[in-house]
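Subject: Structure for you to look at

Dear colleague,

I am passing on the structure we spoke about, and below it I have set out what was found. Please read the notes with the structure open beside them.

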Amino acid sequence: MISGRERALNYAILTLFAALALLPLIGVVSSALTPAAESGPSFTWPRHLDLGNFSTAWRQGHFATYLTSSLLVAVSVVLLTAVLAILAGFSFAHFDYPGRSALFYVTLIGLMVPPEAFVIPLYFNLRDTGLTDSYWSLILPQTAQSLAFGVFWMRNFFRSVPVSVIEAARLDGASDWRLLWRILVPTSRPALLTMAMLVFMWTWNEFLLPLVMITDESKRTAPLGLAFFQSEHTTQYSVLAAASIIVALPVVASYVFLQRHFISGMLSGAVKG
């Protein structure tokens, strides 16, 4: 039990950090709702709301195409990462074979290698195979980038499953394949959704790979399209703010929709990892 003073101090600190986090967001939203004639680089509160900035940004920035590209790439990366992470995590958690630990730690090296270290040789490799300027040049590298975290995450979850559950399934004659997909995967829903949410967010926000790999405007992702849009509308602050909200909205919406599962998965990983 904590005292009333400690509780009040905790709420005060949390309120302060929440205000610091929300203030820039409020500034962006207010700028996006400010009429273009009244907008400026500093914080302004609109005299009346103007939703036309969103339609202007959507129409002039071609964000329908960019959001479609980002959605295609992000969903593909999440699905590939989830399937491969489940298989590899189950292998590392419950199979015993020579070199298992060494292979697992080699896999974790992927968490420590920044994209800037390999993007140039990766570009030449993909160019030689004819994959540049295609969605595969974004899907395959970002799946590889996310896989190290996914394997680590799912391995920790599978190791936290009680041994009695696995032994009971073995006694009932369940094969490894059935044990994985019929018993372990359904129980790993919070962990899977948390991993999917994080991978989706990282993939959606990726800027460097699309910048290097994509030249076709129809295949630009939303962050890359926003950068080009910003360079063309450097002084139209309200339209830029509206475009930023359009690009960020899918990630925010997915987090709000999956918030309960996301928090559950994070707490489960913190306790059981």
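Asp-216 has a relative accessibility of 28%, and because buried means under 20% and exposed means over 50%, this residue counts as partly exposed. Its side chain joins that of Lys-219 in a salt bridge, with a distance of 3.3 Å from N to O. Please keep in mind throughout that this is a predicted model, so that every value here is computed from predicted atoms.

The count of salt bridges comes to 2, and another pairing of this kind is found between Asp-176 and Arg-170, whose side chains meet at 2.2 Å, again taken from N to O. Asp-176 is partly exposed, since its relative accessibility is 31%, and Arg-170, with a relative accessible area of 35%, is likewise partly exposed.

As for the overall build, the protein has 13 helices and 0 strands, and from the N terminus on its elements therefore read as α throughout. Along the principal axes, the C-alpha atoms fill a box of roughly 70 × 65 × 30 Å. The protein has 273 residues, of which 38% count as buried.

Two pockets deserve a careful look. The largest pocket holds about 330 Å³ of space. It is lined by 16 residues, and those closest to its centre are Gly-110, Gln-142, Ala-144, Gln-145 and Ser-146. Two elements, helix 6 (136-160) and helix 9 (189-205), give two or more residues to this lining, and the largest share, 7 residues, comes from helix 6. Sorted by class, the lining of the largest pocket is made up of 9 nonpolar, 6 polar and 1 charged residues.

The second largest pocket encloses about 260 Å³ of space. Among the 15 residues that line it, Val-28, Ser-31, Tyr-237, Leu-240 and Ala-241 are the closest to its centre. At least two lining residues each are supplied by helix 1 (4-32), helix 11 (222-232) and helix 12 (237-257). Here the classes divide into 7 nonpolar and 8 polar residues, with no charged residues in the lining.

On the surface, there is a nonpolar patch of about 560 Å², to which Leu-103, Val-106, Ile-109, Leu-111, Met-112 and Val-113 contribute. One of these residues, Val-113, is placed in the loop that runs between helix 4 (100-108) and helix 5 (119-128). Val-113 has a relative accessibility of 37% and therefore counts as partly exposed; because patches are made of residues with over 30% relative accessible area, that value also clears the cut-off for a patch.

Finally, there is a contact in space that the sequence alone would not show you. Leu-84 belongs to helix 3 (residues 63-94), and its C-alpha atom is separated by 8.3 Å from that of Gly-150, although the two residues are 66 residues apart along the chain. Leu-84 is partly exposed, as its relative accessible area is 38%.

If you would like a place to begin, I would suggest the salt bridge between Asp-216 and Lys-219, followed by the lining that helix 6 gives to the largest pocket.

With best wishes,
A colleague

Technical notes: Residues numbered from 1 in each chain as written. Predicted model: local features only at pLDDT ≥ 70, side-chain atom pairs only at ≥ 80, totals over all residues. Heavy atoms only, no water. Patch = residues over 30% accessible without salt bridge, like charges linked within 9 Å, V, L, I, M, F, W, Y side chains within 5 Å. Areas by Shrake-Rupley, 256 points an atom, 1.4 Å probe, with all protein chains shown as cover. Salt bridge = Lys/Arg side-chain N within 4 Å of Asp/Glu carboxyl O. Helix = DSSP H or I, 4+ residues; strand = E, 2+ residues; numbered from the N terminus. Buried < 20%, exposed > 50% of the residue type's maximum accessible area, 1.4 Å probe, protein only. 1 Å grid on protein atoms, 1.4 Å probe; cavity = no way out; pocket = protein on both sides within 12 Å on 5 of 7 lines; lining within 4 Å. Points joined across faces, edges and corners; volume = space filled by probe spheres on them. Nonpolar A, V, L, I, M, F, W, Y, C, P; charged D, E, K, R; others polar.
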